[in-house]
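Subject: A structure for you to look at

Hi,

Here is the structure I promised to pass on. Have a look at it first, then read my notes below with the viewer open.

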Amino acid sequence: MKSHFEHLIDLTKGDINRNIFSDPETFELELERIFAKCWLLLGHESMLPKVNDFFTTYMGRDPVIVTRKADGTIGCYLNMCRHRGNRVCRADSGNARAFSCPFHGWTFSNDGRLSNVPGFKEIYLEKLDIEAHGLVPVAKIASYKGLLFATFDNNAPTLEDYLGDMAWYLDMILDRREGGIEFLPGTHKWLVHTNWKFPVDNFIGDSYHGPVSHKSAWVSGFEGMPLRKSGYGYEGFQVNPGGGHGFGTRWAANKEEVFEMSLPEFRDYEKMRLDESIQRLGELRGLHFSPMHASIFPNVSLLWQGGAIRVWHPKGPKLTEAWGWVFVDKAAPDDYKREKGLHMLQRHGTSGTWEADDVDNWVQCHSSSEGYVARRYPQNLEMGLGDEITDPSSIHPDIRGKLGRFQSEINQRGFYRHWAKMMDDATAPSVPDMSRKACS
């Protein structure tokens, strides 16, 4: 027998019930069964270069502080005073050994311990359990080649097990050169009046919209890629590694095709690093696969050539806060890094040529799907259904996961299949240990 959310996702037809995007009860359950259990992206280690550096972010709707502690290790804690719940840190980032609540002055060291309570002797008569009232730590925190993730679930698998084969493919972005990647300074933040699943769905596999939604950028030449093929059915694949993750990649038969697919302003750099990338990653990941777009379940998205990485913070069933960074090879020259930052602003920034197209699509898709009658008609995700590549090894022996054509909705179907599985799992996440040991 199918459980409740499986009934809403009919993947034999590619039908998705539109209620999952606007129902408040569904959203609240997502916070419990997805965002309180999954590994969620916090940022990158390059955002914490020095001891006592910190930045603030969200895990689901929970605000958190990420700190590099005195011993050099990284911690993550709820940004919430254990007294009345005020935020103990209001800054986006900085360097601090302690955080003091602006309400009553409870002060916490950056390893989470409660270090000072005004009136501890006179008011609390030294009876308050100091050790039990430190900042609430996440259950687990880990890094994959510099990307920082955390989870509130003590029973969560290891980060590498959670990423599965997606980690192997992420190396195409994170490990092309010695030293890996870094984030350029600054976080772009903007609000989108849509459900968080719409942008994730877009980045995980929607190469179909480009020739229509972004045609003006291509025709005008502002896209800067005259050699890009803008029609349908050209060489490439959607790769579904499982776990709700997925990405799209173009196929290059040789080095010249890699250079043709590169953005003109980055072509010289691609020529310089390609041999190193092939040596580090092998033929499939270093030469043939040219990753275009990706999403990591539940709410992370990437654009490789654009150097964009996003987290889609859920603020409500109809509101998402997008956070974006620019990533570059750490070993890249400074002029390339500056050009990459400019590219991000012009194309993928809040008012960029591409971003404006995409945001309008998501907002309109959501708003038109909310009506009583509209919700009776499912969303259609049948593209490529039954046309999956059944023997990926015939393309290349090293391919992992399942393949669809470059314009296919195999990854969207995989995303919603995993979403339904998690939503139907009533097992509550185990809560983090509140002891002093957990905070230290």
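One thing before you start: this is a predicted model.

Let's begin with a small sheet. Find L41 and look across to β12, where its bridge partner is F149. That pair belongs to a longer match: β3 and β12 (residues 147-151) run antiparallel and are held together over 4 bridges. Zoom out a little and you'll see an open sheet of 3 strands, ordered β3-β12-β11, with antiparallel pairing. At its edges sit β3 (40-44) and β11 (140-144), each of which pairs on one side only. The sheet isn't flat either: on average, neighbouring strands are turned by 30° against each other, ignoring direction. Now look for helix α4 (residues 165-174), which packs on this sheet and touches β11 and β12. The direction of α4 makes about 55° with that of β11.

Next up, salt bridges. How many does the structure hold? The count is 22, and I picked out three for you.

- E30 and K197: their side chains meet with an N to O distance of 2.7 Å. This one ties together distant parts of the chain, as E30 is in helix α2 (residues 24-35) and K197 is in helix α5 (residues 197-205), 167 residues apart. Are the two partners buried or exposed? E30 has a relative accessibility of 0%, so it counts as buried. K197 is also at 0%, so that end is buried too.

- E270 and R273: here the side chains meet at 3.1 Å, N to O. Both residues sit in helix α9 (residues 267-288), and because they are 3 residues apart, about one helical turn separates them. Both E270 and R273 are buried.

- R405 and D387: this salt bridge has an N to O distance of 3.6 Å. It links distant parts of the chain again: R405 is in strand β22 (residues 402-405), while D387 lies in the loop between β21 (379-380) and β22, 18 residues away. What about accessibility? R405 comes out at 42%, so it counts as partly exposed. D387, at 39%, is partly exposed as well.

Finally, try to trace a network. Salt bridges with shared partners join K145, D171, D175, E178, R280 and R285 into one group. Colour those six residues and see if you can follow the links from one to the next.

Write back if you get stuck anywhere.

Cheers

How values were computed
Residues are numbered from 1 along each chain as its sequence is written. This is a predicted model: local features need pLDDT of at least 70, side-chain atom pairs count only at pLDDT 80 or more; totals for chains, interfaces and linings use all residues. Side-chain values use heavy atoms; hydrogens and water are left out. Two strands pair if DSSP finds at least two bridges between them. Helices (H or I, at least four residues) and strands (E, at least two) are DSSP runs, numbered from the N terminus. Axes are lines fitted to C-alpha atoms, for helices over the stretch in contact, and angles run from 0 to 180 degrees between N-to-C directions. Contact means heavy atoms within 4.5 Å. A salt bridge is a side-chain nitrogen of Lys or Arg within 4 Å of a carboxyl oxygen of Asp or Glu. Buried means under 20% relative accessible area, exposed over 50%, partly exposed in between (1.4 Å probe, protein chains only).
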